[in-house]
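Me: I'm new to reading protein structures and I'd like to learn how to pick out features. Could you go through one with me?

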Amino acid sequence: MDIWRVGLVEKSFRDVAASGFGDAPVRWIEADRPFSFLADPFGLWRDEHLFLFVEAYDYRTRLGHIELLQFDRGLNLLGRRPCLKEAWHLSYPYVFEAENEIWMLPEAHRSGKLTLYRCSEFPDVWQAECVVDLPELAVDATPLFHQGLWWLFYSPAARSGPLLHAAYAKSLTGRWSLYPMNPLVEGSIASRPGGTPIVDNDRILVPVQECANGYGSGISLLEVNDLTTGSIKIGPVRALPPPTSTEPFNNGFHTLSAAGEVTLIDVKRIEGSLRRLPIDALGRAHRSARRWFPRSR
């Protein structure tokens, strides 16, 4: 049983990418009940407050939703509450600003579609704006606006092996086209996005999950060059070790995202005690019930 927790690192993503985490302070945030976890952190600053969006998962229900945590400038937690729930599992709440709006593109491939949400009342009222129309179901879809086009990095859900694909569009809600020379990457080292890309001089650094040693075992930075509809050049993949203060959550690391001068991460420990067995049984029962009696929206 994987138990994740979220960390707020007091060092910018750009500095972390350049020199690692070093001895930067980390504020650790965990779930507020046993056999639950928080993971996949993404955040925005507003009026001297950090609004953090995370996956909140409970093994009792085997279902994730998006939770909002609010911090002051000193990274003191002010409050937390659910912010987006659906009948299906939600995670990876990629939150970003564009076109004078705030958007969220959460992972929801069990719904059979990729839905883009618009924030109608910040920070916790979200409306489904449109379905991102791709010919294949995307996992952990990660958008980036670069040189006049929107790009989407993702891992196809239905493929037999791990792959990293790209698509592009002129507008977020417009028509998306697949990059004609997909896949960009094959194999479990760098095929699943894991956070917010940053543009560093003439290169793009894309956080990707390293899954060769198990799901979410590490984060690497994938270098992308010459990002155009006719050519994408993939550069080196560089592993990024987690902070040294993760103990006992030192069994995995799979999200790295930027929030101003703060970098957001998550790390995990593996719960192996017998106490998890009744929780596992309850979670399987809930999942089976959803399969036989699905809820409507």
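Me: Let's start with the hidden spaces. How many cavities of 30 Å³ or more are there?
Reply: Keep in mind that this is a predicted model. A cavity is a space where a probe fits but cannot get out. Here the count comes to one cavity of 30 Å³ or more, with a volume of about 40 Å³.

Me: Which residues line the largest cavity?
Reply: Its lining is made of Phe 96, Leu 105, Leu 116, Val 132, Pro 143, Leu 152, Leu 172 and Trp 176. Sort them by class and you get eight nonpolar, no polar and no charged residues.

Me: Now the pockets. What is the volume of the largest pocket, and which residues are closest to its centre?
Reply: A pocket, unlike a cavity, is an open set of points. The largest pocket in this model has a volume of about 430 Å³. It is lined by 23 residues, and those closest to its centre are Phe 37, Glu 55, His 89, Arg 110 and Tyr 215.

Me: Which elements give two or more residues to that lining?
Reply: Look for strand E1 (2-9), strand E3 (36-46), strand E4 (49-58), strand E7 (91-98) and E21. The largest share, three residues, comes from E3. By class, the lining of the largest pocket has eight nonpolar, six polar and nine charged residues.

Me: And what about the second largest pocket: what is its volume, and what lines it?
Reply: Its volume is about 290 Å³. There are 18 lining residues, with Ala 56, Tyr 57, Asp 58, Leu 63 and His 65 closest to the centre. E3, E4 and strand E5 (63-71) each supply at least two residues of this lining, and E5 gives the most, with four. The classes here are six nonpolar, four polar and eight charged.

Me: I'd like to try a single residue. Where is His 254, and is it buried or exposed?
Reply: Find strand E21, which covers residues 252-259, and you'll see His 254 in it. His 254 has a relative accessible area of 3%, so it counts as buried; the cut-off for buried is under 20%.

Me: What does the side chain of His 254 make polar contacts with?
Reply: One partner is the side chain of Thr 255, at 3.4 Å. Another is the side chain of Asp 266, at 3.0 Å. If you leave out residues up to four places away in sequence, His 254 touches several others, including Trp 4, Asp 40, Gln 209 and Tyr 215.

Me: How many disulfides does the structure have?
Reply: To check for one, you look at the distance between two cysteine sulfur atoms, which must be within 2.5 Å. A search of the whole structure finds zero disulfides. Take Cys 83: the nearest cysteine sulfur, that of Cys 119, is 7.8 Å away. Cys 83 is buried, at 9% relative accessibility.

Me: Why is Cys 130 not bonded to the closest cysteine sulfur?
Reply: Because the closest cysteine sulfur, in Cys 119, is 15 Å away, too far for a bond. Cys 130 is also buried, with a relative accessible area of 18%.

Me: What should I look for in the backbone?
Reply: Start with the usual picture: most residues other than glycine have a negative phi, and most peptide bonds are trans. Then hunt for the exceptions.

Me: Which peptide bonds are cis here?
Reply: The bond from Phe 122 to Pro 123 is cis, with omega near 5°. You'll find Pro 123 in the loop between strand E9 (115-121) and strand E10 (125-131). The bond from Glu 247 to Pro 248 is cis too, with omega near 5°. Pro 248 sits in the loop between strand E20 (233-240) and E21.

Me: Where are Asp 47 and Asp 226, and what is phi in each?
Reply: Asp 47 is in the loop between E3 and E4, and it has a positive phi of about 50°. At 71% relative accessibility, Asp 47 is exposed. Asp 226 is in the loop between strand E19 (218-225) and E20, with a positive phi near 50°. Asp 226 is partly exposed, at 36%.

Me: How far apart in space are Ala 18 and Asp 200?
Reply: Sequence and space are two separate things to check. Ala 18 and Asp 200 are 182 residues apart in sequence, and 9.9 Å apart in space from C-alpha to C-alpha. Ala 18 itself lies in helix H1 (residues 13-19) and is exposed, at 67% relative accessibility.

Notes: Residues numbered from 1 in each chain as written. Predicted model: local features only at pLDDT ≥ 70, side-chain atom pairs only at ≥ 80, totals over all residues. Heavy atoms only, no water. Buried < 20%, exposed > 50% of the residue type's maximum accessible area, 1.4 Å probe, protein only. Polar contact = N/O pair within 3.5 Å; in protein donor to acceptor, adjacent residues only side chain to side chain. Contact = heavy atoms within 4.5 Å. 1 Å grid on protein atoms, 1.4 Å probe; cavity = no way out; pocket = protein on both sides within 12 Å on 5 of 7 lines; lining within 4 Å. Points joined across faces, edges and corners; volume = space filled by probe spheres on them. Nonpolar A, V, L, I, M, F, W, Y, C, P; charged D, E, K, R; others polar.
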